[in-house]
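Subject: Structure handover

Hello,

Here is the structure we talked about, with the sequence. My notes on what was found in it follow below.

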Amino acid sequence: MTEFAILLAGPIEPTDRLLQRVAKRRVIAADAGMRHAGPLGVVPELWVGDFDSAPPTTGHLRAVERLSFSRDKDQTDGEIAIETAIERGAKSLLLVGALGGPRSDHAFAHLVLALRYAEAGFAVELFDGREEGHPLRPGEPRHLDLAAGTPFSILKFTDLSGLSVEGAAYPLEGIDLPFTSILTQSNEALGLITIRIEAGRAILLAQSAPDEAGSIK
């Protein structure tokens with residue numbers, strides 16, 4: 001199996017959709033991400049990190065194989081988990097718990113990692129049960145079937161060229177945007193949306209409705 005879920009330390013909401021997505025994948029936990037294993041009903045095949053924030057484990061989770069690293073390292077625990085998954089044959093990566101949490105720098109790092117591995121040809125998504133992220137590849141239209149009314153934003157990491165947004169309350173057609181523009185903040189899906197960029201780096205971030213966890217299709 002080439003589809004992996006990487007459990008990271010950010011908060012999650014174990015909605016039915018998240019449970020279904022993770023259940024179909026091999027799982028690797030990164031340090032404190034192991035705390036999501038119980039709520040998600042999974043047993044990771046490997047637990048990696050420096051274990052400086054590792055939660056206590058009970059029952060069958062105690063038997064999970066560990067791969068330990070020094071705190072004095074030049075990779076994050078999440079990065080190590082992703083690289084290990086790739087070494088084990090991963091082609092598709094679902095980053096769980098990559099968004100939000102008490103460390104904004106960690107959330108930012110996860111977004112950067114998602115872009116890096118998407119550009120390297122891996123299928124990458126971020127999902128925590130309430131919010132999902134999709135790296136946008138230049139020249140490749142991204143189609144997402146979202147529930148009508150779903151808020152979404154396009155987070156830019158560079159200037160963008162040739163940005164088009166279809167199927168949204170505020171459509172765009174082939175525009176160029178500087179990195180400093182916030183024009184792509186807080187749009188709303190009408191159903192199926194299509195996002196295209198010709199050049200640049202960006203991630204589409206979509207939220208489910210506040211009272212409908214897991215409503216994103």
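Thr76 sits in the loop that joins strand S4 (66-68) to helix H3 (77-87). Note that this is a predicted model. With a relative accessibility of 35%, Thr76 falls in the partly exposed class, because that class lies between the 20% and 50% cut-offs. Its C-alpha atom is 9.1 Å from that of Ala30, although 46 residues separate Thr76 and Ala30 along the chain.

Next to Ala30 in the numbering is Asp31, which belongs to the loop between S2 and H2. Asp31 is buried, at 2% relative accessibility. Its phi is near 45°, a positive value in a residue that is not glycine. As background, most residues other than glycine have a negative phi. A second case is Ser186, with a positive phi of about 60°, and Ser186 is not a glycine either.

Ser186 lies in the loop between S11 and S12. Ser181 is found in the loop between strand S11 (172-177) and strand S12 (187-196) too. Ser181 has 17% relative accessibility and therefore counts as buried, since the limit for that class is under 20%. The side chain of Ser181 comes to 3.1 Å from the backbone nitrogen of Leu183.

On to helix H1 (residues 16-23). Its buried residues are Arg17, Leu18, Arg21 and Val22. Viewed down the axis of H1, these buried residues fall within an arc of 125°, so they line one face of the helix. The general reason is that an α-helix has 3.6 residues a turn, so residues three or four places apart point the same way. Asp16, Gln20 and Ala23 are exposed, on the face of H1 turned away from the buried side. The cover over the buried residues of H1 includes strand S1 (3-7), strand S2 (26-30) and helix H2 (37-40). S5, S6 and S7 are also part of that cover.

S5, S6 and S7 come up again in the second largest pocket. Strand S5 (92-96), strand S6 (123-127) and strand S7 (131-136) are the elements that each give two or more residues to its lining. S6 provides the largest share, 3 residues. The pocket holds about 160 Å³ of space. Its lining has 14 residues, and those nearest the centre are Ala123, Val124, Pro135, Arg137 and Arg142. By type, the lining divides into 8 nonpolar, 1 polar and 5 charged residues.

How many cavities of 30 Å³ or more are there? The count is 1. The largest cavity has a volume of about 40 Å³. Its lining consists of Leu115, Ala118, Glu119, Pro135, Leu136, Arg137, Pro138, Gly200, Arg201 and Ala202. Helix H4 (104-119) and S7 each supply at least two of these residues, and H4 gives the most, with 3. The lining of this cavity is made up of 6 nonpolar, 1 polar and 3 charged residues. Pro135 and Arg137 appear in the lining of the cavity and also among the residues nearest the centre of the second largest pocket.

Regards

How values were computed: Residues numbered from 1 in each chain as written. Predicted model: local features only at pLDDT ≥ 70, side-chain atom pairs only at ≥ 80, totals over all residues. Heavy atoms only, no water. Helix = DSSP H or I, 4+ residues; strand = E, 2+ residues; numbered from the N terminus. Buried < 20%, exposed > 50% of the residue type's maximum accessible area, 1.4 Å probe, protein only. Polar contact = N/O pair within 3.5 Å; in protein donor to acceptor, adjacent residues only side chain to side chain. 1 Å grid on protein atoms, 1.4 Å probe; cavity = no way out; pocket = protein on both sides within 12 Å on 5 of 7 lines; lining within 4 Å. Points joined across faces, edges and corners; volume = space filled by probe spheres on them. Nonpolar A, V, L, I, M, F, W, Y, C, P; charged D, E, K, R; others polar. Arc of directions from axis to C-beta. Contact = heavy atoms within 4.5 Å.
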